[in-house]
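Biologist: I am new to this structure and would like a close look at one part of it. Please take that part slowly, then connect it to what else can be described.

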Amino acid sequence: MSTPPASLTTTATSGAGPIVVRDLTVVFGRRTALDGVDLLAQPGRRIGLVGENGAGKSTLLRAIAGALSPLAEASGAIETPDDLAYLAQEPPFADADTVADVLDTTLRPLRDAVSAVERLAEELDDPEQAAAYERALEYALAHDAWDADRRALLAAEQLGLSGLEPDRAVGSLSGGQRTRLALATLITRRPAALLLDEPTNHLDDDAIAVLTAFLRDLTGVVLLASHDRVLLDDVCTDLIDLDPVGPGSDGHGSRRYGGGWSAYEAARAEARRRWEATYAAEQEELDRLRAATRIGTGAIAQGRGPTDNDKFIHAFKGANVERAHARRVKDASRRLETAEREQVRKPPAPLTLKVGALTDRVSGAGPVVVVRDLLVPGRLRRSRLDVAAGEHLLVTGANGSGKSTLLGVLSGRLPEAAWSGRVEVHARRVAELTQDPVFGDPTLGAEATYRAAVGEQQAQERPLRSLGLLHARDHTKPVALLSVGQRRRLDLAIAVATGPDLLLLDEPTNHLSLTLVGELEEALQASPGTVVLASHDRWLRRRWSGATLDLSAP
């Protein structure tokens, strides 16, 4: 009789307890999203989940929230406080609900708790009512229920929602407005445990500042997945890396790091250094063992043939040498087999972005980009822009200010009929990384698309696999089946391989893993070519050392 598969057990406990995950495994068909994950998140800890795209961050949050897809098979055990809130990447409001409905739903249990405390305070002589009073009071105090209405109004004002009509349907709100409305409900509710999946998506800097202050003030458990490195740095007390690549924070597989993003980067760099040193030492030992398996008898016993014609003694000694040789070779072979089986994986080479130098036709002293009186009706107006050879320019501005439009004009993606003015681009090769790349034939595999774009010679000199941007298992997958992040990696690989003189990047950190983002930023800083980059990324903007153009400025 076969043993039935284990299932996921979940337990909700009252009060402000921890989140405990034991041996959680989640499988979707043939793909294992999480494999034996353990997690302990105590009240007062704000834990960030990081890792490569597809490492299981969102899956872990959904499992804890009890929101896994019906297609998922899960096993393990999860324990959470019963007062748990989960904000997915898409807020869970019904389109037909109004703004007032959402806020009323949030405030109702808090108002009910205050009413219960006031009502039960007059019936404390009854033991049952006294116990109910204690529970209601504990809940009201934990959620600061008496201040809930004021918090709701203040949150709406701070998040720019006070101008919304109460009867406005949620379905008519923008993505940013829906996210801010969801954030307002969380600030009002103050749950004992909070799960957040990419909470800064669609938020501007002011709204993110409100979110940051709220999370730092929350006394319960916070577990969040985010690509926002500034949020991870400003908020998190711990980071957990769900990506299994590398030796871990302690050299033995631990994935938990104390502190925020800066501390994580420093610890990860040290782990990388240890990894490289261990790999180098093991390769030296493997070379020594391989040489030992090839040792000859001359290395065991030096000497010349018999001079006294005593063939028997010489043969006897020779047999001993042969036996010693066999023992040494066998021992070396055994140790070689063990060492090869247990050796650490070779550290993957970091991304190196190589942008070619400008050609003589550009005349090094002159600008690469010249813009005068550019007008794209309804989208962009720019009277002047000059970008010198080798300059790195960061383009910033609010949504709708024209960042992507400017890059489209410079790359030629936006036809001349769509704009007026004077635009000159003096570059031999121009490459543009768009937010959602489009390739000629979506049925072609990723590697075939790469070869078609960069040419056979360049593809042989710099194969797609050498760039480390796309997993080998995805090289034959049709482009149409790649995720947005995978398509962006493929597009970035094409841009890197073609060696452009002018590189245009539109939100290059979107949909990329934080590891790759860091390597990309370092490569950009070291690039000798001309780069024009548009980004909302706060971490990148804070550390940008080149010129900056704010399209929101008058």
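Biologist: How many of the ten residues of strand S2 (residues 19-28) are buried?

Modeller: The model is a predicted one, and the strand you ask about is a reasonable place to begin. Seven of the ten residues of S2 are buried, so the strand is mostly covered. S2 has a pairing with strand S3 (residues 31-41), antiparallel and made of seven bridges. Within that pairing, Phe28 has Arg31 of S3 as its bridge partner. S2 and S3 form a hairpin with two residues between the strands, and in this hairpin Gly29 has a positive phi, near 60 degrees. S2 is also joined to strand S5 (residues 72-81), again by seven bridges and in the antiparallel sense. There, Thr25 faces Ser75 of S5.

Further along the chain there is an open sheet of three strands, in the order S12-S11-S14, with antiparallel pairing. Strand S12 (380-388) and strand S14 (420-425) are its edges; each has a single partner strand, so one side of each has no neighbour in the sheet. On average, neighbouring strands here are turned by 10 degrees against each other, direction ignored. Strand S11 (residues 367-376) is tied to S14 by five bridges, and Leu375 is opposite Ser420 in S14. Helix H10 (residues 403-411) lies across S11, S12 and S14, and runs at about 120 degrees to S11.

From sheets to helices: in H11 (residues 446-454), the buried residues include Ala446, Thr449, Tyr450 and Val454. Seen down the axis of H11, the buried residues fall within an arc of 110 degrees, so they line one face of the helix. Among the elements that cover these buried residues are helix H12 (456-461), helix H13 (464-467) and helix H14 (484-497). After H11 comes Gly455, which has a positive phi, near 95 degrees.

H14 also holds Gln486. The relative accessible area of Gln486 is 18%, and the cut-off for buried is under 20%, so Gln486 counts as buried. Leaving aside residues up to four places away in sequence, Gln486 touches Leu470, Asp474, Lys477 and Leu481.

The aromatic rings can be taken next. The structure has two aromatic pairs. In one of them, the rings of Tyr257 and Tyr264 have centres 4.8 Å apart and planes at 85 degrees, so this pair is edge-to-face. In the other, Trp261 and Tyr264 are tilted, with 4.9 Å from centre to centre and 45 degrees between the planes. Trp261 and Tyr264 both belong to helix H8 (residues 261-293), where they are three residues apart, about one turn of the helix. An α-helix has 3.6 residues a turn, so residues three or four places apart point the same way. Tyr257, Trp261 and Tyr264 make up one aromatic cluster. Tyr257 is buried, at 6% relative accessibility, and Tyr264 is buried too, at 2%. Trp261 is likewise buried.

One more ring has a charged partner: Arg543 lies over the face of Trp539, at 3.4 Å from the ring centre.

To return to your strand, S2 is mostly covered, with S3 and S5 as antiparallel partners.

Technical notes. Residues numbered from 1 in each chain as written. Predicted model: local features only at pLDDT ≥ 70, side-chain atom pairs only at ≥ 80, totals over all residues. Heavy atoms only, no water. Buried < 20%, exposed > 50% of the residue type's maximum accessible area, 1.4 Å probe, protein only. Helix = DSSP H or I, 4+ residues; strand = E, 2+ residues; numbered from the N terminus. Arc of directions from axis to C-beta. Contact = heavy atoms within 4.5 Å. Pairing = 2+ DSSP bridges. Axes fitted to C-alpha atoms, helices over the stretch in contact; angles between N-to-C directions. Phe/Tyr/Trp six-rings, centres within 6.5 Å; stacked < 30°, edge-to-face > 60°. Lys NZ or Arg CZ within 6 Å of the ring centre and 35° of its normal.
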